[in-house]
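Open the model in your viewer and get ready to click around. We will go from stop to stop, with something to select at each one.

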Amino acid sequence: MPPASRTRRDWATARPWKPLIEEGQDTLTAHAWVGVRGMPARGGQPDLPLEEFARATAYMARAAGGDWKDPDARMLHEIEEEIEDRLESLREGKEAKK
Ligand code: HEM
């Protein structure tokens, strides 16, 4: 996430969010949670609960024009399943490179 001095509009427009929103709430939240390119896992905060991370992601998507709701138990479960899938494919990718 950008430094606090940047405005909400900066980060909502810095990267095109439309394709990110189209990935779906469970997928995007899971990928960001695990870490993607310059994005550290859990936003760099290892003790951050998934629910709070998922709420922050929903907030970012809403600010960028999406209609994501704060995650309920069912959505959290779907995110957890996506996290498992993502970790699995990252592990496979790493093994393939050895
Ligand atoms: C709770 C805190 C945070 C949340 C909810 C959050 C959420 C997200 C989401 C949803 C994305 C889009 C992921 C994708 O492209 O699939 C993203 C991207 C990114 N985030 Fe965060 N983030 C957080 C904290 C941070 C922090 C602390 C940093 C930097 C130290 C950071 C750096 C980045 C970068 C560089 C990207 C772009 C990744 C890329 O596409 O190359 N984020 N973040």
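The tour below starts with the whole chain and then visits single helices, loops and residues.

**Stop 1: the whole protein chain**

Keep in mind that this is a predicted model. Show the protein chain as a cartoon, and you should find five helices and zero strands. Reading along the sequence gives the pattern α-α-α-α-α. Of the 98 residues in the protein chain, 17% count as buried. Now think about contacts between residues at least 6 apart in sequence: 58% of them join residues at least 24 apart.

**Stop 2: colour by confidence**

Colour the protein chain by pLDDT. The mean is 88, and 84% of the residues reach 70 or more. Where is confidence lowest, and where is it highest? Select helix H1, residues 8–14, for the lowest mean, 60, and then H3 for the highest, 97. A friendly warning goes with this view: where pLDDT is low, the predicted coordinates should not be read in detail.

**Stop 3: the ligand and its shell**

Select the ligand and show what surrounds it. There are 16 residues around the ligand, and the closest are Arg37, Gly38, Met39, Gly43 and Ala56. Two elements give two or more residues to this shell: helix H3 (25–34) and helix H4 (50–63). Which of the elements gives the most to the shell? That is H4, with four residues. Colour the shell by class and you will get 10 nonpolar, five polar and one charged residues.

**Stop 4: the loop between H3 and H4**

Next, select Arg37, which sits in the loop between H3 and H4. Is Arg37 buried or exposed? Arg37 counts as exposed because it has 5 C-beta neighbours inside 10 Å. Its backbone deserves a look too: the phi of Arg37 is positive, about 45°, although this residue is not a glycine. For background, most residues other than glycine have a negative phi.

Stay in the loop between H3 and H4 and select Arg42. Arg42 also has a positive phi, about 55°, and is not a glycine. With 17 C-beta neighbours inside 10 Å, Arg42 counts as partly exposed.

**Stop 5: along helix H4**

Select H4 and look at it from the side. H4 has 14 residues and reaches 20 Å from its first C-alpha to its last, close to the 20 Å expected at 1.5 Å a residue. Highlight its buried residues, which are Ala54, Thr57, Ala58, Met60 and Ala61. Then turn the view to look down the axis of H4: these buried residues fall within an arc of 160°, so they line one face of the helix.

**Stop 6: just after H4**

Move on to Gly65, which follows H4 and has a positive phi, near 105°. Gly65 belongs to the loop between H4 and H5. Gly65 counts as exposed because 10 C-beta neighbours lie inside 10 Å. Try the distance tool here: Gly65 and Lys18 are 47 residues apart along the chain, and their C-alpha atoms are separated by 8.1 Å.

**Stop 7: into helix H5**

Finish by selecting Ala73, in helix H5 (residues 73–97). Why does Ala73 count as exposed? The reason is its 8 C-beta neighbours inside 10 Å, and a residue with 12 or fewer is called exposed. For a last distance, pick Ala73 and Glu51: they are 22 residues apart in sequence and 9.2 Å apart in space, C-alpha to C-alpha.

Methods:
Residues are numbered from 1 along each chain as its sequence is written. This is a predicted model: local features need pLDDT of at least 70, side-chain atom pairs count only at pLDDT 80 or more; totals for chains, interfaces and linings use all residues. A residue is near a molecule or strand if its C-beta atom, placed from the backbone, lies within 6 Å of it. Ala, Val, Leu, Ile, Met, Phe, Trp, Tyr, Cys and Pro count as nonpolar, Asp, Glu, Lys and Arg as charged, and the others, Gly among them, as polar. A residue is buried if 20 or more other C-beta atoms lie within 10 Å of its own, exposed if 12 or fewer, and partly exposed in between; C-beta atoms are placed from the backbone. Two residues are in contact if their C-beta atoms, placed from the backbone, lie within 7 Å. pLDDT is the predictor's confidence in each residue, from 0 to 100. The expected span of a helix is 1.5 Å times one less than its number of residues. The arc is that of the directions from the helix axis to the C-beta atoms.
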